[in-house]
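Work through the exercises below with the sequence and the coordinates open beside you. Each one sets a task and then gives a solution in steps.

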Protein chains: 2
Amino acid sequence: MASGGNEGDKAGKSAGARAVVRVGVLGAGNVGKALVSLLLEEAQSIERRSGVRLELVGVAVAHPSRPRPPIPAELLTGDAKSLVTDPSVDVVVELIGGLDPARSLLEAAIGAGKPVVTANKELIAVHGTALASLAASAGVDLLYEAAVAGAIPIIRPLRESLAGEKVQRVMGIVNGTTNFILTTMSEQGLSYTQALAEAQRLGLAERDPSADVDGYDAAAKAAILASLAFGCEVGPSDVAREGISSVDPVDVEFANRLGYVVKLLAVAERIDDGIGAGASADEDASEISVRVHPAMLPRTHPLASVRGAFNAVFVEGESAGQLMLYGRGAGGRPTASAVLGDVIDAAHHLVAGFSARPAPRTRVRLHPADDLRSAWYLNIDVADRPGVLASVASVFGEHAVSIRSMEQVGMGDEARLIFVTHVARQGDLMETLDGLGRLEVVDRIGGVLRIVGDEEA
Amino acid sequence: MASGGNEGDKAGKSAGARAVVRVGVLGAGNVGKALVSLLLEEAQSIERRSGVRLELVGVAVAHPSRPRPPIPAELLTGDAKSLVTDPSVDVVVELIGGLDPARSLLEAAIGAGKPVVTANKELIAVHGTALASLAASAGVDLLYEAAVAGAIPIIRPLRESLAGEKVQRVMGIVNGTTNFILTTMSEQGLSYTQALAEAQRLGLAERDPSADVDGYDAAAKAAILASLAFGCEVGPSDVAREGISSVDPVDVEFANRLGYVVKLLAVAERIDDGIGAGASADEDASEISVRVHPAMLPRTHPLASVRGAFNAVFVEGESAGQLMLYGRGAGGRPTASAVLGDVIDAAHHLVAGFSARPAPRTRVRLHPADDLRSAWYLNIDVADRPGVLASVASVFGEHAVSIRSMEQVGMGDEARLIFVTHVARQGDLMETLDGLGRLEVVDRIGGVLRIVGDEEA
């Protein structure tokens with residue numbers, strides 16, 4: 001490998017027999033501080049375990065004169081632009097977050113022939129393909145294990161372990177804030193508002209929680225997972241997105257009673273239209289569906305036991321079968337651990353003059369949402385009088401939505417009808433909801449949730 | 001990288017612009033056949049996803065004249081020795097199993113400058129360190145993702161994602177046969193013998209089930225996991241091993257009632273003697289405990305929900321926190337999927353002339369089993385008369401084993417006492433058992449099981 005080799009030689013030579021790789025870090029938030037602690041305190045252990053010595057040469061922050069323990073004051077700099085092109089920096093780690101200036105700094109680092117490591121989900125979701133091409137041309141690594149699901153190894157397994165696998169579906173609980181809120185609603189019977197307040201009190205939710213509760217964070221991660229799993233270019237705007245703010249405690253309770261739990265899922269799925277799982281479908285003809293929405297999962301599903309702020313990603317592959325990767329999806333130290341794994345990988349590659357070629361990516365062909373198929377849970381308040389069920393049921397029938405179970409709960413003048421449907425086309429279900437909304441006897445359509453991972457459905 | 005580059009150049013050149021890597025396979029059992037199917041049917045998809053074209057050039061079997069669909073007859077050979085040194089083979093995949101001739105064939109392949117991929121847990125557990133040194137000297141890869149827990153990516157995450165992590169404990173359900181037997185005992189109330197017969201009927205257990213039920217298979221995997229997690233050389237003989245044949249349905253039922261499940265665990269643990277988790281312990285001073293034994297796990301533990309033939313590995317790291325990797329631990333296609341991931345990795349490295357350096361390994365310092373600390377479950381039959389509990393309890397007290405809970409179940413003239421202890425030294429618990437055995441009022445000591453993963457314990 002000629003390209004990128006100049007930095008590689010430098011990294012190798014500066015050490016004599018030992019490989020020393022010098023690291024520049026952008027940003028000193030929770031993750032940045034935790035990474036610096038690891039680099040300073042664990043340098044010897046890292047060297048013994050991995051065979052490379054990592055040296056921290058600088059940390060770029062907005063206000064370098066402000067003390068930021070445990071970062072030694074002399075390593076702080078306000079000049080990020082100079083740090084990324086400094087010849088004494090071998091690997092650049094970006095932990096600023098957001099699109100700018102993170103993007104231009106990484107481009108400058110790559111332009112200077114340096115491998116880059118980032119934990120920035122937003123940047124990778126929006127500009128991942130462009131950055132990957134840039135890195136490939138420069139012959140350097142672009143690594144971002146920490147951008148999805150914190151400490152959980154998911155990017156590397158998808159990119160390497162499953163490189164030979166035809167992945168059918170990736171389904172993840174990738175946002176700890178919403179999982180904490182839904183777990184708290186389910187286990188303590190709180191309302192959404194109460195559970196959110198509790199999450200805010202514990203520092204698990206922002207004062208403005210929209211990025212989490214409206215599914216933006218999960219959508220960025222879904223786009224990254226879909227791109228890797230299916231080798232196509234998926235951006236956040238390709239992700240259909242529903243948040244959890246309308247999840248009602250009544251529906252969480254019915255879910256429990258029916259043997260389900262409510263989770264916010266990021267789903268990336270290959271749809272081989274009209275071709276059975278057994279047939280050898282042409283992957284180029286596959287369409288992809290990428291979405292974030294709350295859903296009911298059977299209590300026996302491996303993802304159902306992922307509680308609180310934990311994350312997990314469930315992968316279904318044609319040969320590998322079902323896999324799940326579980327762990328801490330956020331937090332300074334867990335995220336720093338994943339970043340450090342990438343830094344060591346980049347360092348190994350640098351010393352050996354190797355950089356992984358990114359697989360070519362095709363433009364995504366999105367599957368129309370109306371054609372998605374799923375079982376559904378519906379909670380409908382109706383007038384409690386004879387004949388109502390018949391008129392409600394007939395609306396389902398008109399739209400070819402078949403009812404699997406119905407439970408009626410009396411509430412004085414009203415009755416609450418809890419329906420679970422068989423698998424139905426999303427478009428048909430939406431038309432059913434329209435039709436139900438027009439019925440005079442229907443007072444309110446409450447919770448409407450997909451049921452996922454239930455083989456009986 | 002000069003060493004190994006000759007094969008790399010060859011692999012690269014034979015393709016012109018495209019990288020073609022030629023694969024030789026040893027063995028055509030379930031995994032071999034599944035791998036050949038994938039290589040033949042999915043060649044185009046693999047090339048599109050990974051950027052390398054894999055070409056199957058030969059499959060070595062004992063009786064090459066016997067037809068073995070889907071393997072084309074012209075690819076079968078009886079001469080494994082020639083296949084591994086054949087200049088038209090770039091990567092060698094060993095799927096024969098056992099120590100010999102697998103070892104000598106891999107040594108010959110490495111000697112000929114070829115990267116090797118194996119799914120052979122026994123070989124890696126016994127000769128892994130020696131083979132890794134040999135591969136490092138030759139500048140080629142030795143990859144064995146499929147040797148532990150089939151399709152589950154565990155070797156690569158331990159080796160790469162967690163390269164910067166101080167791992168405290170690895171705990172796995174790594175044998176599907178025993179997990180099926182224990183799950184069936186727990187959920188259907190069968191005896192060990194009945195559940196084993198059911199596993200044999202379904203083809204999940206061998207006619208001679210000893211390798212599985214006596215824990216040999218799990219011990220080999222525990223040795224591999226410990227070596228990777230702690231960077232030390234651990235062989236199967238370093239693993240303390242108990243099987244599941246003495247697990248009594250009565251104890252499985254009591255476990256359920258107390259909120260636990262019984263699982264066969266492979267445990268590899270770092271013991272920083274006398275140093276709290278917060279202190280920065282010198283890793284060189286750490287002792288390691290590696291063991292396989294049945295244990296009770298709280299029902300809420302992530303490993304508790306791993307049912308039937310599934311496998312999972314739970315990792316606790318100082319920074320990463322708790323991680324779990326879950327999936328199919330056996331079977332032709334899942335295992336072949338992991339092998340294929342390694343083949344693609346080796347192919348990428350070959351094309352780029354890169355080989356990972358194995359981290360240096362120290363000789364393991366084993367922690368004395370008597371000093372291990374754990375909570376325990378004990379099931380003891382005693383004469384049902386006044387004063388018996390006092391004399392039993394005094395034996396616990398003499399050996400500094402503190403009782404957390406006791407339940408008495410009357411059985412006519414006898415009573416069954418179910419004890420759960422607080423955390424106690426294993427040596428003290430063993431002396432307690434000796435003392436109890438000498439009491440005239442104790443008729444029988446039944447189940448004795450460790451309780452693991454219970455923070456209250």
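The two exercises that follow treat a predicted model, beginning with the interface between its chains and ending with a sheet.

**Exercise 1.** Describe the contact between chain A and chain B, and state which elements of chain A supply the side that touches chain B.

*Solution.* Begin with the extent of the contact, taking C-beta atoms within 7 Å as the criterion: 55 residues of chain A are in contact with 55 residues of chain B. Next, assign the side of chain A to its elements, where α2 (30-41), α3 (43-50), α7 (155-161), β13 (321-328) and α13 (332-352) each supply at least two residues. The largest share, 11 residues, comes from α13(A). Then sort this side of chain A by class, which yields 25 nonpolar, 16 polar and 14 charged residues. Finally, look at the strands that meet across the two chains: β13(A) pairs with β13 (residues 321-328) of chain B in the antiparallel sense, over five bridges, and A:Met324 stands opposite B:Tyr326 in β13(B).

**Exercise 2.** Determine the strand order of the six-stranded sheet in chain A, and identify its edge strands.

*Solution.* Follow the pairing from strand to strand, which gives an open sheet with the order β3-β2-β1-β4-β5-β6 and parallel pairing. The edges are then β3 (76-77) and β6 (142-143) of chain A, since each of these strands pairs on one side only. As a check at one edge, consider β2 (residues 52-60) of chain A, which runs parallel to β3(A) and is joined to β3(A) by two bridges; there, the bridge partner of A:Ala60 is A:Thr77 in β3(A).

Notes: Residues are numbered from 1 along each chain as its sequence is written. Chains are lettered from A and ligands numbered from 1 in the order in which they are written. This is a predicted model: local features need pLDDT of at least 70, side-chain atom pairs count only at pLDDT 80 or more; totals for chains, interfaces and linings use all residues. Two residues are in contact if their C-beta atoms, placed from the backbone, lie within 7 Å. Helices (H or I, at least four residues) and strands (E, at least two) are DSSP runs, numbered from the N terminus. Ala, Val, Leu, Ile, Met, Phe, Trp, Tyr, Cys and Pro count as nonpolar, Asp, Glu, Lys and Arg as charged, and the others, Gly among them, as polar. Two strands pair if DSSP finds at least two bridges between them.
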